[in-house]
Amino acid sequence: MSAISGFPSKLRVRTHEPMDRHTSFGVGGPADYWVEVRSLDALRLALETADRLGIPRTIMGHGTNSLVADSGIDGLVIYNRYVDFAANAADEIVRVASGHSMARLAGRCARLGLGGMSFAIGVPGTVGGAIYGNAGAFGSDIAAVLKSARVWRRSHEVEALASDFDFDYRRSNLHDDATGPVVLAASFRVQPADPAALRRELLALARRRRATQPLGKNAGSFFMNPDGDYAGRLIEASGLKGHELGGAFVSPVHANFLSASPGGTARDVLDLAIAVRERVAETTGVRLTPEVRLLGRWNSHARALFT
Ligand SMILES: Cc1cc2nc3c(=O)[nH]c(=O)nc-3n(C[C@H](O)[C@H](O)[C@H](O)COP(=O)(O)OP(=O)(O)OC[C@H]3O[C@@H](n4cnc5c(N)ncnc54)[C@H](O)[C@@H]3O)c2cc1C
């Protein structure tokens with residue numbers, strides 16, 4: 001056992017790890033305990049240990065869709081860097097670990113001449129985070145390509161079919177499951193394709209992204225697009241493109257990207273999001289729903305303001 005009581009030493013757990021280092025917003029307070037896992041065994045061990053110690057645990061991928069509270073996160077944060085990959089071209093399946101980058105998956109499939117995953121070049125997170133939120137881009141999404149996924153649920157592992165996740169726009173039923181299921185690995189359907197054509201497609205999609213999306217400390221689209229419209233268009237129509245409030249601002253490039261300013265806090269980002277949502281509702285009558293997840297010690301008032 002390590003000096004940190006109860007944790008196996010091979011997990012190399014850190015205490016009070018600042019989460020601003022591990023989220024694309026670049027904000028968020030410390031995790032009580034934090035561990036990076038690089039294999040399925042380590043991921044399982046971290047999950048088992050949290051359950052055995054009876055402490056809360058949060059699985060995180062690249063932190064590109066998460067707003068972590070300034071007061072931090074209770075219990076153990078599992079930083080998922082388990083990235084195994086295997087392709088079975090004959091069966092038209094790729095099997096990928098949940099900590100694998102979606103964008104790298106697009107590149108790997110293209111090099112192997114396996115089509116269907118190019119949309120993943122637009123998703124900066126991990127496979128696990130993408131399944132959690134049915135991530136999508138360029139007209140495709142996880143629901144369109146997932147065959148099945150191995151899921152840890154209350155110390156049991158099951159191979160769940162794509163239909164078991166009840167995917168909807170940027171949603172899966174993992175959102176509603178209080179037991180905190182964790183995706184361990186996933187199988188995606190792919191089709192044979194010309195590697196050179198796939199490479200050209202990826203380059204074109206990446207170029208399109210660079211031309212339309214801001215760099216900086218954000219989590220991509222903050223709000224989901226309402227039926228038949230775009231959250232960015234509604235925010236812009238409400239006069240908020242480039243708007244600043246405290247230590248956060250609406251991007252002047254893409255109005256659905258909210259960013260923390262240098263020195264800004266998670267609370268600043270949340271306050272800006274609430275203000276944007278109120279103004280859009282007053283101006284257009286549309287109530288926007290957040291796509292970004294709140295993680296950590298947000299009080300019930302903050303959570304309620306944002307539901
Ligand atoms: C510049 C930019 C552009 C973006 N563009 C897009 C886009 O085009 N389309 C899109 O859909 N999203 C986009 N996003 C948002 C984000 O990349 C996706 O939502 C992504 O799927 C999040 O993955 P992650 O690993 O970063 O998740 P995290 O932020 O680490 O986690 C998000 C949620 O998923 C849960 N989770 C993570 N891993 C697992 C797991 N293994 N099992 C169960 N739950 C898990 C976490 O607990 C958390 O609740 C963008 C973000 C940025 C910064």
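**Note on the predicted model**

1. The buried residues of helix H7 pack against strand E4 (66-68), helix H6 (231-237), strand E15 (244-245), strand E16 (248-250), strand E17 (258-260) and helix H8 (300-305). This and everything below is read from a predicted model, and should be taken as such. The buried residues in question are Ala266, Asp268, Val269, Leu270, Leu272, Ala273, Val276, Arg277 and Val280, a list in which Asp268 and Arg277 stand beside residues such as Val269 and Leu270.

2. Helix H7 itself covers residues 266-284, which is 19 residues, and from its first C-alpha to its last it reaches 27 Å, close to the 27 Å expected at 1.5 Å a residue. Just after H7 comes glycine 285, whose phi is positive at about 80 degrees.

3. Threonine 284 also belongs to helix H7, and it is classed as partly exposed because 16 other C-beta atoms lie within 10 Å, a count that falls between the limit of 12 or fewer for exposed residues and that of 20 or more for buried ones. Leaving aside residues up to four places away in sequence, threonine 284 touches Leu234, Ala237 and Ser238. For one of these partners, alanine 237, the separation along the chain is 47 residues, while the C-alpha atoms of alanine 237 and threonine 284 are 8.2 Å apart.

4. Turning to the chain as a whole, the secondary structure comes to 8 helices and 18 strands. The radius of gyration is 20 Å, close to the 19 Å that the globule rule gives for 307 residues, so the chain is as compact as a globular protein of that length. Taken along the principal axes, the C-alpha atoms fill a box of roughly 55 × 50 × 30 Å. Of the 307 residues, 47% count as buried, and among contacts with a separation of 6 or more, 64% are made by residues 24 or more positions apart.

5. The domain assignment of the protein chain gives domain 1 (9-80), domain 2 (85-212) and domain 3 (231-305). The centres of domain 1 and domain 2, taken over C-alpha atoms, are separated by 22 Å, and between these two domains 12 residues of domain 1 are in contact with 13 residues of domain 2. On the side of domain 1 that touches domain 2, helix H1 (40-53) and strand E3 each supply at least two residues, and H1 gives the most, with 5 residues. By class, that side of domain 1 has 4 nonpolar, 5 polar and 3 charged residues.

6. Where does the ligand lie with respect to domain 1 and domain 2? Both domains give residues to the shell around the ligand, so it lies between them. The residues around the ligand number 33, and Gly61, Gly125, Gly128, Gly129 and Gly220 come nearest. Strand E3 (57-60), helix H3 (127-132), strand E9 (136-137) and strand E13 (182-189) each supply at least two residues of the shell, with the largest share, 4 residues, coming from H3. The residues of the shell divide into 12 nonpolar, 20 polar and 1 charged, and a reader should bear in mind that glycine is counted among the polar residues in this division.

7. Tryptophan 152, in strand E11, is worth finding in the structure. Tryptophan 152 is buried, because 21 other C-beta atoms lie within 10 Å and 20 or more are needed for that class. Not counting residues up to four places away in sequence, tryptophan 152 touches Leu47, Glu157, Pro181, Val182 and Leu184. Valine 183 is 31 residues from tryptophan 152 in sequence, and the distance between them in space is 6.3 Å, C-alpha to C-alpha.

8. Two residues other than glycine deserve a check of their backbone angles. Histidine 16 has a positive phi near 50 degrees and lies in strand E1 (residues 14-18), whereas serine 155 has a positive phi of about 70 degrees and lies in the loop between strand E11 (146-153) and strand E12 (156-161). Are they buried or exposed? Histidine 16 counts as exposed, with 11 C-beta neighbours inside 10 Å, and serine 155 likewise counts as exposed, with 11 C-beta neighbours inside 10 Å.

Terms used:
Residues numbered from 1 in each chain as written. Predicted model: local features only at pLDDT ≥ 70, side-chain atom pairs only at ≥ 80, totals over all residues. Near = placed C-beta within 6 Å. Domains from an automatic or database assignment. Expected span 1.5 Å × (residues − 1). Contact = placed C-beta atoms within 7 Å. Rg over C-alpha atoms; globule rule 2.2 N^0.38 Å.
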